[in-house]
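Got your viewer open? Let's take a short walk through this one, stop by stop.

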Amino acid sequence: MKLKKISWAVMLSFGVIAPVSAVEKTEVLEIIQVTETNQGPMKTVQQTELKNGPASLGNALAKQMGIQANHFGSGASTPVIRGQESYRNKIVQNGSDVVDMANMSPDHAIMVDPTLAKEINVIQGVDTLLYGSGITGAVVNVKDDKIPIQVPLRAVEGSLDARYNTNNQEQLYNLATNVKLSEHVVLHLEGLHRHAKNYKSAGYTEQYTVENPCNNSNTPECIEAIFEDDYQETFEESKDYRYINNSEAKSKQGAVGLSWVGEKGYLGIAYTDRRDRYGLTGHEHKAHFCHVHTHDENDEYLEGINLHCEHTSVNIDEDFHNHDPSQPEQYAKLKLHLKRVDLRGALNRPFDRVEQIRFMANDSRYQHREIEGQYTMSSFRHNGKSLRIEVDHQPTDHWSGTLALQYSKDMIDSSGYEGILDKNTTHLYGLSGVERYQWNDFTFSLSGRLEQQKIHLLDDKQLHRGKRMNALRSMKYDSTAYSLATGIDWQMTPEWKSWITLSHQERNPSVQELYARGTHVATNSYEFGDEQYDRTINNLLIDTQVYEQFGINERLKKEKSTNLDLGVSFNNDKWQSYVGTYYKHFSNYIYAHTMDRFAHFRLIRYAQQPARFYGVEGNISYRFAPKYRLSLFGDYVRGKLDNGNVPRMPAARLGSRLNADFNDNLSASLEYTHTFSQHKSAHNELPVGGNNMLNAELVYLGSLNSHLNYRLTVNFNNILNEKVYASTSYLSHIPLMGRNVSMGASVLF
């Protein structure tokens, strides 16, 4: 059956490779929109696609080339870009920092809503250094209209959207409008309400049982199981579960903005209030019984740290599914609340040789609680302030460029059962710039960034709780990162364009990678930051040489990488194509190393060793008839450590898409994607099988009068009802949504 599906996809995708051009131009491709500038291609997802797409950012971008999602149920997902996630990607909103806890864990939602965005730009190349250091994935800039930057033509303009999904009975409504109060003053109002119930998968039949001999004794067999990943694993068929319990999600958001807009620029302010509540899919109660088990220097077989759980065997999946739906107190939920104030403005040609000055500032108050029934098990706070100033110098016939200054202050605190971070503050100072020189058909780019990070731990819970632990090695971290990038764009012909980017990037360790310690049930893990791990082993006089075979260093240093990016594109009336390849070498890659595992629960330590990533992505599109276009697309990335594979790597994908524009009002598309299995798993990870995804879409555009238009869409997703698992997710054992139909309606006024 699967061979037939793949054969059908290959026949549907048959075409000739021809690659996007260099003149300032925008072409809408089937998989991405490639905006042509002198910076190479930039992936842009437009508003029409976002309004009908997933409500979490990672899932909203997951169809773009080189991007997959770290899924976490219906409430949260983060983008994985060219194998990079978390701190190696930068999420910004209109160029300003997003304040949340998503970098810390993928179960925490990113505090931007794609369905309210005007567009999303995925920025790669030399421009990433304008936003941060160590961004080896991409900068994701979510643009919205909370602070209007132009006066609407009519007194009131906006959109009203609604949609419904047949699988999880999702209902989503949003309204966004700009009101012209005067010739220069614009008021923006927006609101969103979303409610989704538990989603239905294609079937959940896998029963996973693990026998871990390390829970009973430290025998040579136990040691071998730890270091050779030789667990006794059995897989059995069990009851056919359909609905993924605790996958429901609710979200509410409201915002108000006010702008003054004139010929010399604009100045605006906006206030946003967002509230989310969703289930932690895959939450395992039995993980509560796991704790760290240490062995001192007198242990005959092992000196080190491993997991000790109350049960020598566990059926995690059965425990997960056998919760009584009538007893919601059995489930773990996440409640998030964000209050954010934004101030943004621009001034055109304020001085000689200055084209524009832009500034953006925000003050955010974020908190979330992880609750079970009526009890708050853990709570997290993140208060953040940021200021950013950008200056464009006046362009000449050959030169153009931007200088950026950045400052941010973040206070993070956690408490409760999963209070894995002591109270801390992080100050970040950034100075960056990019300059371009145009010579004939070549554009030479150079960018650099200097970034200082200061972390101050304000509390030490291990000491305050009366535990007999030595003080931390350091309550402060202060380091400066230096990054440099250069690139060449060559407009070979009016149709052909190529580019190359070379960069050296540095990233300071995050507060989590340095100071985390404790149980994080949502990701089924017990985490050790570098400083906390060092304190633990020194307190117990443990010899760390037992872990040398993994190449783990004694202390986290700045993460350094050398990155090469090559690409070529082509564009004419019939062909649109893009192919890119890249190579990334890390001299000291920071990652979550799994030291021990009990069923799906893992003991991890943030460790460091050399790593390299390489991959390719491409899209070929051919209009073979005036109304029809056929595309072939795919991506592949490989991540290797010196001693093993990088955890949770994306699987390779290959697919095809057929677009039909029947008339000015009606269009349709049919898309087939094969995701290959991912067997290049990391230490203590299980392989993830592949899948075949068939989707279809119908779109009808209509008009009631000259000022009132509407758009009707019907999306048929996972038509084959495939059982889909994500290799990028901590929940790679939990299937994603099965067959579903999403119906949407938008009114533009």
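A residue is called buried when its relative accessible area is under 20%, exposed when it is over 50% and partly exposed in between, using a 1.4 Å probe and protein chains only. Select Ser201 to see that in action: with a relative accessible area of 2%, Ser201 counts as buried. Before going on, note that this is a predicted model, where local features need pLDDT of at least 70, side-chain atom pairs count only at pLDDT 80 or more, and totals for chains, interfaces and linings use all residues. Residues are numbered from 1 along each chain as its sequence is written, and side-chain values use heavy atoms, with hydrogens and water left out.

Ser201 sits in strand β13 (residues 200-211). Helices (H or I, at least four residues) and strands (E, at least two) are DSSP runs, numbered from the N terminus. Now add Val724: the C-alpha atoms of Ser201 and Val724 are 8.3 Å apart in space, though their positions lie 523 residues apart in sequence.

Zoom out for a moment. The protein has eight helices and 39 strands, and buried residues make up 58% of its 749 residues.

Next, select Arg88, in the loop between β5 (76-81) and β6 (90-93). Is Arg88 buried or exposed? Arg88 is buried, because its relative accessible area is 6%. Show the side chain of Glu559 too: a polar contact of 2.7 Å joins it to the side chain of Arg88. (A polar contact is a pair of N or O atoms within 3.5 Å; within protein, one must be able to donate a hydrogen and the other to accept it, and residues adjacent in sequence count only if both atoms are side-chain atoms.) Leaving out residues up to four places away in sequence, Arg88 also touches others, including Gly134, Arg507, Phe586 and Tyr589; contact here means heavy atoms within 4.5 Å.

Now for some empty space. A cavity is a set of points, on a 1 Å grid over the protein atoms alone, where a 1.4 Å probe fits but cannot get out; lining residues have an atom within 4 Å of a point. The second largest cavity holds about 170 Å³. Select Gly125, Ser503, Asn563, Asp565 and Lys584, the closest to its centre of the 16 lining residues. The elements giving two or more residues to that lining are β27 (496-507), β30 (559-571) and β31 (575-598).

Last stop: Leu694, in strand β37 (residues 691-705). Leu694 is buried, at a relative accessible area of 15%. Measure across to Gly655, and the C-alpha atoms should be 9.6 Å apart, for residues 39 apart along the chain.

Definitions and conventions: On a 1 Å grid over the protein atoms alone, a cavity is a set of points where a 1.4 Å probe fits but cannot get out, and a pocket is an open set with protein on both sides within 12 Å along at least five of seven lines; lining residues have an atom within 4 Å of a point. Grid points are joined across faces, edges and corners, and a volume is the space filled by probe spheres set on the points.
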